[in-house]
Amino acid sequence: NSNKSAMVVQVASHPLLRHKLTYLRDKSVAPKEFRELSKEIATLLAYEAMSDLPTISRPVTTATMDVTGDEVSEKIAFVPVMRSGLGMVDGFIYAFPNAQVWHVGMYRDPKTLVPIEYYNRFTNESTCQVAYVLDATLSCGAVARAAVKTVKDWGVPKIKLVTFVSSPEGIKAFELEHPDVDIITGSIDEGLDAESMVTPGLGDVGSRFFGTE
């Protein structure tokens, strides 16, 4: 990542993603549908996020002849930030089932807005070459910044942050700390409200996904 000149923010523009994201925003959507939509949107974002993965040649015997195909050449990890990132994991695994999955538990102190880590089971040394940090909402960005720093400290050379929705403020703050980490998002929303929630946003994604609102 140190060779990158500037952060890239990629807004996924697929019509199906925009369609599904509209329904995900609807506050009347029940947890069952919210989970299904989350998986579907995450899968579409996964294809966008992994579009630049390097491949190597792989021989394969088909029904009619031997040919050479492609195989992803790097070890990949998905790192959901608990809780909201958990709703993105199934979609990413559906896109690439052989990936490792590591979890980081963080929450933002409601008064200080400082991220507090409560779960991390990383091994002593990194076991992957590419990591996708999954955090459904990039609001003020404190939790995402801390999660990405944890993955960097683990020693992963290439990292991307993937979110359903992001705020302009969160993107700006993230870039100041991690200019070498690209962001793939479903939408850049209008901004933050007085409680540092993204507007129009998705509400509390963790609570909506787990039905604990």
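The following paragraphs lead through a helix and its surroundings, a pair of helices, and several details of the backbone in this predicted model.

Helix α3 spans residues 86-95, and its buried residues are G87, M88, V89, G91, F92 and A95. These buried residues pack against two other helices and four strands. The helices are α2 (31-49) and α6 (205-210). The strands are β4 (76-82), β5 (100-101), β8 (130-134) and β10 (158-163).

A second point of interest is the pairing of helix α4, residues 142-154, with helix α5, residues 168-177. Their axes come within 10 Å and cross at roughly 30°. Because angles under 35 degrees count as roughly parallel, α4 is roughly parallel to α5. The crossing of the two helices is right-handed. On the α4 side, the contact is made by A144, R145, V148, K149 and K152, which meet A173, F174 and E177 of α5. The residues of this contact comprise four nonpolar and four charged ones, with no polar residue.

The backbone also deserves attention in the loops. In the loop between β4 and α3 lies R83, and the peptide bond leading to R83 from M82 is cis, with omega near 10°. Another cis peptide bond joins T199 and P200, where omega is about -5°. P200 belongs to the loop between β14 (198-199) and α6.

The loop between β13 (191-192) and β14 contains S196. This residue is not a glycine, yet its phi is positive, near 60°. Since buried means under 20% relative accessible area, S196 counts as buried at 12% relative accessibility.

Conventions:
Residues are numbered from 1 along each chain as its sequence is written. This is a predicted model: local features need pLDDT of at least 70, side-chain atom pairs count only at pLDDT 80 or more; totals for chains, interfaces and linings use all residues. Side-chain values use heavy atoms; hydrogens and water are left out. Buried means under 20% relative accessible area, exposed over 50%, partly exposed in between (1.4 Å probe, protein chains only). Contact means heavy atoms within 4.5 Å. Axes are lines fitted to C-alpha atoms, for helices over the stretch in contact, and angles run from 0 to 180 degrees between N-to-C directions. Angles under 35 degrees count as roughly parallel, over 145 as roughly antiparallel, 65 to 115 as roughly perpendicular and the rest as oblique. A crossing is left-handed if the near helix is turned anticlockwise from the far one by less than a right angle, and right-handed if clockwise. Ala, Val, Leu, Ile, Met, Phe, Trp, Tyr, Cys and Pro count as nonpolar, Asp, Glu, Lys and Arg as charged, and the others, Gly among them, as polar.
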